[in-house]
Amino acid sequence: VLDADTLAKLHPGMSKLQVNQLLGEPVLDPAFNDDTLDYIYAEKLANGQVKKQQVRLYFMNNHLQRIIK
């Protein structure tokens, strides 16, 4: 599970290798769509609770294009 600070280091143009080095392996195997990777991240709320959410990364030509939270 990733945190928001780690996700903030992502930026368009990063290669899949750079993303993998920063975030590790995705939670879902991208067997059907090699241009999309899914990760889980945790966000700490003001009340102290931790909310887990999914983030989807879209790639084109092996480079990060979009980040959807």
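This is a chat about the sheet, the core and a few residues of a predicted model.

Colleague: How many strands form the sheet, and in what order?

Modeller: Four strands form an open sheet, and the order is 1-2-3-4. The pairing in this sheet is mixed.

Colleague: Which strands are at the edges?

Modeller: Strand 1 (2-3) and strand 4 are the edge strands, since each pairs on one side only.

Colleague: In what sense do strand 1 and strand 2 pair?

Modeller: They pair in the parallel sense, over two bridges. Within that region, D3 stands opposite A42 in strand 2.

Colleague: Where does helix 2 lie?

Modeller: Helix 2 lies across strand 1, strand 2, strand 3 and strand 4. Its direction is at about 165 degrees to strand 3.

Colleague: On to the core. How many residues does the largest nonpolar core have?

Modeller: The largest nonpolar core has 13 residues. Those with the most contacts inside it are L7, L10, V19, L23, Y39, L57 and L64. Helix 2 (16-23), strand 2 (36-44) and strand 3 are the elements that give two or more residues to this core.

Colleague: Why would nonpolar side chains be buried together?

Modeller: That is a general tendency of nonpolar side chains in soluble globular proteins.

Colleague: What does L10 touch?

Modeller: Leaving out residues up to four places away in sequence, L10 touches V19, L22, L23, L57, L64 and I67.

Colleague: New topic: Q53. Where is its place?

Modeller: Q53 is in strand 3 (residues 50-60).

Colleague: Is Q53 buried or exposed?

Modeller: Q53 has a relative accessible area of 18%, so Q53 counts as buried, the cut-off for buried being under 20%.

Colleague: Which side chains make polar contacts with the side chain of Q53?

Modeller: The side chain of Y41 does, at 2.6 Å, and so does the side chain of E43, at 3.5 Å. Not counting residues up to four places away in sequence, Q53 touches Y39, I40, Y41 and E43. Y39 is also listed among the core residues with the most contacts inside the core.

Colleague: What comes up in the loop between strand 3 and strand 4?

Modeller: N61 is found there, and N62 lies there too. Phi of N61 is near 55 degrees, a positive value in a residue other than glycine. For N62, phi is near 70 degrees, again a positive value in a residue other than glycine.

Colleague: Is N61 buried or exposed?

Modeller: N61 is exposed because its relative accessibility is 66%, and exposed means over 50%.

Colleague: And what about N62?

Modeller: N62 has a relative accessible area of 40%, so N62 is partly exposed.

Note on methods:
Residues are numbered from 1 along each chain as its sequence is written. This is a predicted model: local features need pLDDT of at least 70, side-chain atom pairs count only at pLDDT 80 or more; totals for chains, interfaces and linings use all residues. Side-chain values use heavy atoms; hydrogens and water are left out. Buried means under 20% relative accessible area, exposed over 50%, partly exposed in between (1.4 Å probe, protein chains only). A polar contact is a pair of N or O atoms within 3.5 Å; within protein, one must be able to donate a hydrogen and the other to accept it, and residues adjacent in sequence count only if both atoms are side-chain atoms. Contact means heavy atoms within 4.5 Å. A nonpolar core is a set of buried Ala, Val, Leu, Ile, Met, Phe, Trp, Tyr and Cys residues joined through side-chain atoms within 4.5 Å. Two strands pair if DSSP finds at least two bridges between them. Axes are lines fitted to C-alpha atoms, for helices over the stretch in contact, and angles run from 0 to 180 degrees between N-to-C directions.
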